[in-house]
Amino acid sequence: MSPRSASVNEELRRRSRERLLQAALELVGERGFDATTLGDIADRAGSARGLVSYYFPGKRQLVQSAVHRLMHRTLEEALEREPRTEDGRERMARAIDAILGLARDRPVLMRQHMAGILQAEGFVQCPEQRRLAELLRETCVGHGSADTDYPMLRALLMGAVYAALVPGVPMPVPVLRAELFKRYRLDWEQGVPPDAEAVSGGTCDMDLSRFFATGSASDCADDRSDPSGQSK
């Protein structure tokens, strides 16, 4: 068989990586980090096990990238939901609610994410993390803050997520929200207030597939070939 074209190879690699990220989120959310192996993730993704190490140095890096994907796509959805707005204060409120909502709705994933960041290697520099940083910077600037205020927003959100997830002594999300809203001079009615969320039935959707462009089953079969581009 002749080698696949460069564009086909690139698309297959992208979809393969997407499937691994989605599988990592699903399995760690279901079982926890320690009970999930790279082999489990590869099997759930429908990929050859050797492909995991081709895309990611290890399980921790894979899971961090997967959670960063969840975070930036959740943030994108919150910022762009109807009614769409360019109001900087409303967009800051939506951003805060999106990240705090993940701590509330996906505690296993977010607790593992925080634990991973505290490891020696810290943040994984990956496309998902860079996109999350870009969105938060844009939110800062739209709110009227300087671009250099982004690290403070990131630190405050990380601290709030950590406080919401501390085993045994978690702080209530509405309390954390009130403090962040006070700092950024936001009105309680902006974003998605907790009481409005309760009326609407919450925002957690357990189906993660909308966050990933993973292709069809036939693509999965093709992707079990090696990533160098040789069809099998």
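The largest cavity holds about 180 Å³ of space, in what is a predicted model. A cavity here is a set of points, on a 1 Å grid over the protein atoms alone, where a 1.4 Å probe fits but cannot get out; points are joined across faces, edges and corners, and the volume is the space filled by probe spheres set on them. With a floor of 30 Å³ or more, the count is 2 cavities. Lining residues, meaning those with an atom within 4 Å of a point, number 17 for the largest cavity, and Met71, Leu132, Leu136, Arg154 and Met158 sit closest to its centre.

As for who builds that wall, helix 4 (59–80), helix 6 (107–117), helix 7 (127–143) and helix 8 (150–165) each chip in at least two residues, with helix 8 giving the most, 5 residues. Helices are DSSP runs (H or I, at least four residues) numbered from the N terminus. The lining splits into 13 nonpolar, 3 polar and 1 charged, where Ala, Val, Leu, Ile, Met, Phe, Trp, Tyr, Cys and Pro are nonpolar, Asp, Glu, Lys and Arg charged, and the others, Gly among them, polar.

Now for two loops. Pro83, between helix 4 and helix 5 (88–105), follows a cis peptide bond from Glu82, with omega near -5 degrees. Arg185, between helix 9 (173–183) and helix 10 (194–200), has a positive phi of about 55 degrees although it is not a glycine. Arg185 counts as exposed (over 50% relative accessible area, 1.4 Å probe, protein chains only) because its relative accessibility is 71%.

Residues are numbered from 1 along each chain as its sequence is written. Local features need pLDDT of at least 70 and side-chain atom pairs 80 or more, totals for chains, interfaces and linings use all residues, and side-chain values use heavy atoms, without hydrogens or water.

Note on methods:
On a 1 Å grid over the protein atoms alone, a cavity is a set of points where a 1.4 Å probe fits but cannot get out, and a pocket is an open set with protein on both sides within 12 Å along at least five of seven lines; lining residues have an atom within 4 Å of a point. Contact means heavy atoms within 4.5 Å. Buried means under 20% relative accessible area, exposed over 50%, partly exposed in between (1.4 Å probe, protein chains only).
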